[in-house]
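I opened this entry to keep track of what I looked up, and in what order. Notes follow the structure.

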Amino acid sequence: MELNKDQTVMSEDKKPQDPNPRFACEGCSVLLDINDGDRLVFARLSSGAILKIGNKNYSLKPLIGAPFGSLFQVETGEDGSFLSRILPIKQESNSNNVMDDSRDNREIVDNNEAQNLTGEEIEAMRREGAKGDEIIEALIANSKTFDKKFQLSQEKYKLKKQKKYAPKLLLRRPFARSICEAYFKKYPARIGFLRVDALSLLLTMANVTAYSDVLVVDMVGGLVTGAVAERLGGTGYVCNTYKGSSPYPVEMVRMFNFSDKVLKRIVQSSINELSSAKTASTEGNNQQEGVCKAENNINETATSDVMVEEISVTTEAGVVDIVVPESKVIKAAKAGAKASKETIEMWQENGFSSLIMAAQDQDPWIVAKDVLPLLSYSAPFAIYHQYLQPLATCMHKLQQGKMAINLQITEPWLREYQVLPSRSHPHMQMSSFGGYVLSGIRISTT
């Protein structure tokens with residue numbers, strides 16, 4: 001009898017397992033990297049999702065069930081063009097031959113007469129079902145100047161034709177780094193010009209570790225909130241605080257594909273509710289209900305417009321569009337529920353373990369003087385801003401009020417390198433700066 005009772009308890013505890021985070025499932029968010037970073041697109045996978053590359057639309061259904069990191073190429077079949085998964089081919093390095101190559105491009109004249117293959121013949125090959133690689137080989141065979149080009153010029157020629165006739169698509173998993181890099185490359189103003197090294201510096205300076213209760217002032221679309229929740233991994237709490245009655249939008253959290261366990265740890269509460277010393281009265285409860293209704297309306301609006309928001313961002317950034325029928329849109333779970341009364345009382349008694357601020361539209365000092373008292377003593381904090389002067393003013397006032405020690409302003413610096421045989425060098429175009437971070441440790445003022 002006891003055995004049956006145990007079996008009943010075990011069966012009740014069984015819950016449906018979360019999908020494997022290493023595979024792209026239907027309804028999850030993905031980052032599509034087209035032609036080695038030429039275009040970056042956020043999409044939510046469904047059987048009816050469509051991706052536009054060039055002048056043609058391609059179904060994203062082949063991506064469902066594929067592991068992240070898979071490479072897809074446009075191929076032509078009986079039913080038209082489609083995305084087909086391919087295995088990346090490792091090319092042998094010819095670094096030794098590059099130095100010995102005596103050819104150059106001095107005698108090559110660009111007069112549009114080097115190619116014998118006409119556009120009509122290329123279209124005929126496509127209609128006959130020729131693959132992109134076959135078209136590229138035909139272009140090379142019919143080129144008068146290809147053999148005269150320098151070896152590196154030949155590689156550039158192949159890459160250029162591959163992007164046009166055989167575009168490739170890389171399926172990437174959206175996480176803090178990939179999301180930050182994609183937005184910084186295409187639409188940096190949306191995340192307050194927060195570069196990936198500055199984001200990692202924020203997490204480090206705030207000492208975000210497992211089982212931490214992190215207070216976040218996130219005005220960069222939810223990127224910081226998602227990065228903190230990703231590092232906590234379902235432990236501790238991420239409390240996104242705000243002034244007034246309307247929380248700041250955190251729609252980017254949907255892109256992280258968090259499980260229900262992680263989403264439950266992302267909560268919201270206003271600064272007034274966190275700083276009030278007494279338990280809310282009946283009047284306060286009515287106010288909270290009104291705030292909850294306003295938040296529900298905001299969340300519903302954000303849910304209904306999430307795909308439109310993603311499309312508008314990519315359109316303004318010059319990225320390809322995604323067209324998804326409304327009937328087939330699979331909405332992500334909501335993040336940022338209202339913090340419970342018991343949790344708020346616990347934070348009022350013990351304080352938060354760290355603070356991260358990324359408030360581009362407000363003066364850092366005006367926000368910091370209200371949220372710093374919510375931290376426990378000896379708790380670290382990190383404040384990001386695009387410009388130096390607002391952080392310098394905030395640092396000066398914190399020193400005058402003796403509210404913190406170990407204050408310092410850090411300017412992150414990042415240089416990306418191209419690493420290729422015989423041509424390794426820093427990137428020709430890279431970001432000059434990634435903002436500034438003010439960090440310190442809160443102390444008692446008494």
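**Cysteines first**

I began with Cys180, which counts as buried because its relative accessibility is 0%. I then checked Cys239 and found it buried too, with a relative accessible area of 0%. Next I searched the whole structure for disulfides and got zero.

**Confidence and overall make-up**

I am working with a predicted model. Its mean pLDDT is 81, and 79% of the residues reach 70 or more. I flagged residues 1-16, where the pLDDT is below 50 and the model shows zero contacts beyond near neighbours in sequence. I also flagged residues 277-329: the pLDDT is below 50 there as well, but this stretch has 73 contacts beyond near neighbours in sequence.

I counted 15 helices and 18 strands. Of the 446 residues, 44% count as buried. I also looked at contacts with a separation of 6 or more, and 73% of them join residues 24 or more positions apart.

**Val216**

I went to strand β8, residues 213-218, which holds Val216. Is Val216 buried or exposed? I have it as buried, since its relative accessible area is 0%. Leaving aside neighbours within four places in sequence, I listed its contacts: Val224, Thr225, Val228, Val238, Cys239, Asn240, Thr241 and Ile356. So Cys239, buried at 0%, is one of the residues that Val216 touches. I also took a C-alpha to C-alpha distance from Val216 to Phe381 and got 9.9 Å, with their positions 165 residues apart in sequence.

**Arg442**

Phe381 led me to Arg442, since Phe381 is among the residues that Arg442 touches. Arg442 sits in strand β18, residues 436-442. What partners a buried Arg442 that has no salt bridge? I found the nearest side chain of opposite charge to be Asp370, 12 Å away. Instead I noted that the Arg442 side chain reaches the backbone oxygen of Leu375 at 2.4 Å. Not counting residues up to four places away, its other contacts include Leu372, Pro373, Ser376, Tyr377, Met403 and Ala404.

**Salt bridges**

How many salt bridges are there? I count eight. I followed up three pairs.

I started with Asp33 and Arg172, whose side chains meet at 3.7 Å, N to O. Asp33 lies in strand β1 (residues 29-34) and Arg172 in strand β7 (residues 168-172), so the pair ties together parts 139 residues apart in sequence. I have Asp33 as buried, because its relative accessible area is 10%. Arg172 is partly exposed, at 23%.

I turned to Glu251 and Arg190, which form a salt bridge at 2.4 Å, N to O. Here both partners are in loops: Glu251 between β9 (237-242) and α9 (260-263), Arg190 between α6 (176-186) and α7 (196-205). The pair therefore ties together parts 61 residues apart in sequence. Glu251 counts as buried at 17% relative accessibility. Arg190 is buried as well, at 18%, so it falls under the 20% cut-off.

I finished with Glu273 and Lys338, a salt bridge at 2.9 Å, N to O. I placed Glu273 in helix α10 (residues 271-275) and Lys338 in strand β12 (residues 337-338), 65 residues apart. Glu273 counts as buried at 13% relative accessibility. Lys338 is partly exposed, with a relative accessible area of 22%.

Technical notes: Residues are numbered from 1 along each chain as its sequence is written. This is a predicted model: local features need pLDDT of at least 70, side-chain atom pairs count only at pLDDT 80 or more; totals for chains, interfaces and linings use all residues. Side-chain values use heavy atoms; hydrogens and water are left out. pLDDT is the predictor's confidence in each residue, from 0 to 100. Contact means heavy atoms within 4.5 Å. Helices (H or I, at least four residues) and strands (E, at least two) are DSSP runs, numbered from the N terminus. Buried means under 20% relative accessible area, exposed over 50%, partly exposed in between (1.4 Å probe, protein chains only). Lys and Arg count as positive and Asp and Glu as negative; His and the chain ends are not counted. A salt bridge is a side-chain nitrogen of Lys or Arg within 4 Å of a carboxyl oxygen of Asp or Glu. A polar contact is a pair of N or O atoms within 3.5 Å; within protein, one must be able to donate a hydrogen and the other to accept it, and residues adjacent in sequence count only if both atoms are side-chain atoms. A disulfide is a pair of cysteine sulfur atoms within 2.5 Å.
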